[in-house]
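Here are a few informal notes from going through the model. Have a look at it first, then read on.

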Amino acid sequence: LHLLMEASQSGRIGQTVLLSLICLGDEGKRLAEPFMLGLTVRALHTVGLQAEARALALEAALLAGI
């Protein structure tokens with residue numbers, strides 16, 4: 001998580017995306033974990049991937065049945 005936040009704050013888009021995928025786990029298993037999801041969405045938003053961050057949050061909400 002520390003590496004993810006550091007990458008996003010430094011504007012390293014590719015590394016932020018890669019670390020986000022790693023943090024979410026295989027098949028997005030951690031999408032249901034609010035803490036992990038929040039950090040990942042925030043990191044993507046920070047590097048300018050607002051649409052992707054929004055899409056990820058929406059997907060997580062749909063998977064949660066909201």
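**Notes on the predicted model**

1. Let's start with I13, bearing in mind that this is a predicted model. I13 counts as partly exposed because its relative accessibility is 42%, and the class in between runs from 20% to 50%. I13 sits in helix 2, which covers residues 13-24.

2. Which residues join I13 in a nonpolar patch on the surface? The partners are V17 and L21. Taken together, I13, V17 and L21 offer about 250 Å² of accessible area.

3. Now for the largest pocket, whose volume comes to about 180 Å³. Two elements each give two or more residues to its lining: helix 2 and helix 4, the latter spanning 50-63. Helix 2 supplies the largest share, with 4 residues.

4. As for who is in that lining, V17 and L21 turn up again, along with S20, L24, G25, L31, L44, L49, E52 and L56. So V17 and L21 are worth a second look on screen, given that the surface patch includes them and the lining of the largest pocket does too.

5. What is the make-up of the pocket lining by class? It has 7 nonpolar residues, 2 polar ones and 1 charged one.

6. Last, a word on R54, which lies in helix 4. R54 is exposed because its relative accessible area is 58%, and the cut-off for exposed is over 50%. Between R54 and K29 there are 18 Å in space, C-alpha to C-alpha, for a sequence separation of 25 residues.

Conventions: Residues numbered from 1 in each chain as written. Predicted model: local features only at pLDDT ≥ 70, side-chain atom pairs only at ≥ 80, totals over all residues. Heavy atoms only, no water. Patch = residues over 30% accessible without salt bridge, like charges linked within 9 Å, V, L, I, M, F, W, Y side chains within 5 Å. Areas by Shrake-Rupley, 256 points an atom, 1.4 Å probe, with all protein chains shown as cover. Salt bridge = Lys/Arg side-chain N within 4 Å of Asp/Glu carboxyl O. Buried < 20%, exposed > 50% of the residue type's maximum accessible area, 1.4 Å probe, protein only. 1 Å grid on protein atoms, 1.4 Å probe; cavity = no way out; pocket = protein on both sides within 12 Å on 5 of 7 lines; lining within 4 Å. Points joined across faces, edges and corners; volume = space filled by probe spheres on them. Nonpolar A, V, L, I, M, F, W, Y, C, P; charged D, E, K, R; others polar.
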